Amino acid sequence: MSAPTVSVTDVLGIASDVWQALVGDAALPSGGPPQAIPADAVRAWVGIDGPWRGRVQLLCGRATAAQMAAAVLGCESDQVAAEDVDDVLGELANVVGGAVKSLLPGSAALGLPRVESAGGGEVHGSEPDGRAVLRVDLVWRDQPVAITLRALPPTPDHP
Amino acid sequence: MKILVADDSRVMRQIVIRTLRQAGYDGHDVVEAENGREALDKVASEAPDLVLSDWNMPEMTGIECLRALRASGSAVPFGFVTSEGSDEMRAIAQKDGALFLIAKPFTPEAFEAVLSPVLG
């Protein structure tokens, strides 16, 4: 399966629920041309391994991540430790990824969240990134957040 | 009563504890574990009245922890608080002895609905 049976509408609905419940205010569709993700960015992702194999990735500026973490924790963004920023972003990816996984056919495993720096729009992770098959651009407090589904090559278990 | 909250995310453990308070369960002692193995150990050492566990954790998953508990003869009430709320996951959880599965993101109302039969 090269593309997931998940639509932009599905991901928008998931994001709306997740941001409202965990962050406290909505992440909305960007509407017009998406804002560029800042150069100093961070991405969080979870892997899905099943009939569809890939990643659900969140990408945003590091300052945006810190503000989202502060909103989750109920404090000021300059009071949030870096490890808590990563924790929050990882959990957002985890919850979004779990919801995406529940929409996919067949049985699949959800990986543990990973958080990595992503400077200049590029990702500096050590593992293959996968091919973007669906991207949703959101705006949270006037700042861009991108959710991307990336497909990885099939494996012998899931050709 | 004592509640054990197991999740590899410290932030999510805080959110679960906060939601317990919002659901009206602020008079209970809470202990935390950051993976299934630590949860298993703390069931033995802390004797909680309820375990609220994430599913996917390093070292030992929540479902592995539950299976180990039941295999050891422990009947501690156990529920999942997890990002995966599919029918498949709920069926596995129930088959292995979990009382409930709360899918993230959750609300205080969702907590109250499943916890009131357990905690009152």
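A salt bridge here is a side-chain nitrogen of Lys or Arg within 4 Å of a carboxyl oxygen of Asp or Glu. These legends describe a predicted model, where local features need pLDDT of at least 70, side-chain atom pairs count only at pLDDT 80 or more, and totals for chains, interfaces and linings use all residues. Residues are numbered from 1 along each chain as its sequence is written, chains are lettered from A in the order in which they are written, and side-chain values use heavy atoms, with hydrogens and water left out.

**View 1. Where chain A meets chain B.** Chain A puts 20 residues into the contact and chain B puts in 19; contact means heavy atoms within 4.5 Å. About 1600 Å² is buried between the two chains, and carbon and sulfur atoms give 53% of that. Buried area is the accessible area (1.4 Å probe) that two parts lose on being put together, summed over both.

**View 2. Salt bridges across the interface.** How many salt bridges does the rule find between chain A and chain B? There are three, while the structure holds 16 over all chains. Among the pairs in the structure, Arg10(B) and Asp84(A) meet through their side chains at 2.5 Å, N to O. That pair runs from helix α1 (residues 10-22) of chain B to helix α3 (residues 82-103) of chain A. Glu84(B) also pairs up with Lys101(A), with the closest N and O atoms 2.4 Å apart. Helices are DSSP runs (H or I, at least four residues), numbered from the N terminus.

**View 3. Helices α1 and α2 of chain A.** The axes of α1 (residues 8-23) and α2 (residues 62-73) of chain A come within 8 Å and cross at roughly 60°, so α1(A) is oblique to α2(A). Trp19(A), Leu22(A) and Val23(A) of α1(A) touch Met68(A), Ala71(A) and Val72(A) of α2(A). By class, that's six nonpolar residues, no polar and no charged. Axes are lines fitted to C-alpha atoms, for helices over the stretch in contact, and angles run from 0 to 180 degrees between N-to-C directions.

**View 4. Helices α2 and α3 of chain B.** Here α2 (residues 36-46) and α3 (residues 62-71) of chain B pack at about 30°, axes 8 Å apart, which makes α2(B) roughly parallel to α3(B). Angles under 35 degrees count as roughly parallel, over 145 as roughly antiparallel, 65 to 115 as roughly perpendicular and the rest as oblique. On the α2(B) side sit Gly36(B), Ala39(B), Leu40(B) and Val43(B), meeting Cys65(B), Ala68(B) and Leu69(B) of α3(B). This contact has six nonpolar, one polar and no charged residues. Ala, Val, Leu, Ile, Met, Phe, Trp, Tyr, Cys and Pro count as nonpolar, Asp, Glu, Lys and Arg as charged, and the others, Gly among them, as polar.

Definitions and conventions: Helix = DSSP H or I, 4+ residues; strand = E, 2+ residues; numbered from the N terminus.
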